[in-house]
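Trainee: I have the sequence and the structure open. Can we go through it together?

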Protein chains: 2
Amino acid sequence: MGDTAEAITLSVVTTEPVSRQERKQRTRQALLDAALDLVAERGFSGLSLREVAKQAGIVPTAFYRHFASMDELGVALVEESMRTLRTMIRSARTRPSAYNDMIRSSVRVLREHVRAHEDHFHFLARERYGGTGPVRQAIGFELKLFVSELAVDLARFDFLRDWSTEDLHLLADLIVTTMLTTVLELLETPSRDDEIVRTAERRLRLIFLGVPNWRSVP
Amino acid sequence: MGDTAEAITLSVVTTEPVSRQERKQRTRQALLDAALDLVAERGFSGLSLREVAKQAGIVPTAFYRHFASMDELGVALVEESMRTLRTMIRSARTRPSAYNDMIRSSVRVLREHVRAHEDHFHFLARERYGGTGPVRQAIGFELKLFVSELAVDLARFDFLRDWSTEDLHLLADLIVTTMLTTVLELLETPSRDDEIVRTAERRLRLIFLGVPNWRSVP
DNA sequence: AAGTTCAGTGAACGCTTGTACACTGAACAG
DNA sequence: CTGTTCAGTGTACAAGCGTTCACTGAACTT
């Protein structure tokens, strides 16, 4: 993967005059992209400030103009990735979907978005547990928020109308964990997409089968 | 955690004559223990050969008498941890457990074993996705094996007698993922054990609720 | 036109890293 | 008793690390 890449991300194509802050933000994005590139093969904790800077096309010391540390860069990466995740859930929400078709279409949306933004999903799913320090903490926090949002979404379904908040949260949590597991399977095995999608659907189907019989206990 | 530990693991208490291979194996174990100690705070990929050697009480170059690389040490750690996991499942299997009590007692066994071998479980659950290279690969392989074993176990239950191998595998996979999620929750929040156990039970209960209604589709 | 701001530079620092190599001395085999 | 094996030692080196500091020059303000 990108063996002799040297993929300087700063484009030098156009000579149009750009403002200083615009150029700064461009470099910042180059740093984020560079880190996302490298993180796939070696994990975020195995990433050095120097190589990220080099990949972004700047000198190591210039890194500090944008982030105080690698951890700060990592947290920014979490935010960026979560934005992608939310885009996906919005896309899944606005789909017209019947009851049983819902699972099928949701998993399909997942597959599409994972393939379109492999880096972000890879980063989130991998560093969720594997990461250390602020990055894992940030993912944990954001994901907890995300589960709550999904719980609210679920509340709008007829067959979940009288579920308690706590129970909805439980269901949402189970769904998110299952989804993230599927994400990692999709990313680890590039070819067997159909099989993985089918397994994901079966997993969710089994979970939702229990829903009608669920009786909450305090 | 262990700030000024300097926990040399080689005991010098007894002067009993020990054979050379015995002493070697003792040092090897010291290396494994040292790595397990350090891995909790920084992740396996953030571990250096030198500090593991120091923690084990030997000079860096002596490391190579036992492992060709840190990756090899990591794989050995996977095997050791999996042995602990299998001990747990054996312990859960030999428990007399009624239908609904089964979930409760299984989760209880999980909690006990996690608390008794925090390092091993932490290592497995963390590096399962977060790790890189041979270690993650080894965990993936071993865990796949483990899921198959659990599927065989499940087949012995009356209410699963006529399930296909594939469906049992699906259920086992879902259980293992849920269990590992619970493990990480237990390890990340040292105090809220009861709450986490309760949530784990509810999760499994929801999953098993779907079982009676399950109809496999090709 | 003159002065200020600040993203990016380049040399230098003290440290840790993995690994090579020649060594020691106790456990072992004959 | 003699010679061999080999786990553990100590020194050494090149490479990479994060961070410091004084600097340059184009974009900005006045």
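**Two chains and two DNA strands**

Mentor: Start with DNA strand D in this predicted model. The surface near DNA strand D is made up of 7 nonpolar, 6 polar and 7 charged residues.

Trainee: Which element gives the largest share of the surface near DNA strand D?

Mentor: Two elements each supply at least two residues there: α2 (49-56) of chain A and α1 (20-42) of chain B. One of them contributes 4 residues, the largest share. That element is α1(B).

Trainee: Which residues come nearest to DNA strand D?

Mentor: Count a residue as near if its C-beta atom lies within 6 Å of the strand. There are 20 residues around DNA strand D. The nearest are Ser19(A), Ser48(A), Leu49(A), Thr27(B) and Thr61(B).

Trainee: Now DNA strand C. Which element gives the most to the surface near it?

Mentor: Of the 20 residues around DNA strand C, Thr27(A), Val59(A), Thr61(A), Ser19(B) and Ser48(B) come nearest. Two or more residues come from each of α1 (20-42) of chain A and α2 (49-56) of chain B. The top contributor, with 4 residues, is α1(A).

Trainee: How are the two copies related?

Mentor: Lay chain B on chain A and the RMSD is 0.1 Å. The operation is a turn of 180° with a shift of 0.0 Å along the axis. The copies are thus related as by a two-fold rotation axis.

Trainee: What percentage of the interface residues of chain B are also interface residues in chain A?

Mentor: Compare the interface residues of the two chains. The copies meet through the same surface, because the share is 100%.

Technical notes: Residues are numbered from 1 along each chain as its sequence is written. Chains are lettered from A and ligands numbered from 1 in the order in which they are written. This is a predicted model: local features need pLDDT of at least 70, side-chain atom pairs count only at pLDDT 80 or more; totals for chains, interfaces and linings use all residues. Copies are superposed by least squares on the C-alpha atoms of residues with pLDDT of at least 70 in both. Two residues are in contact if their C-beta atoms, placed from the backbone, lie within 7 Å. Ala, Val, Leu, Ile, Met, Phe, Trp, Tyr, Cys and Pro count as nonpolar, Asp, Glu, Lys and Arg as charged, and the others, Gly among them, as polar.
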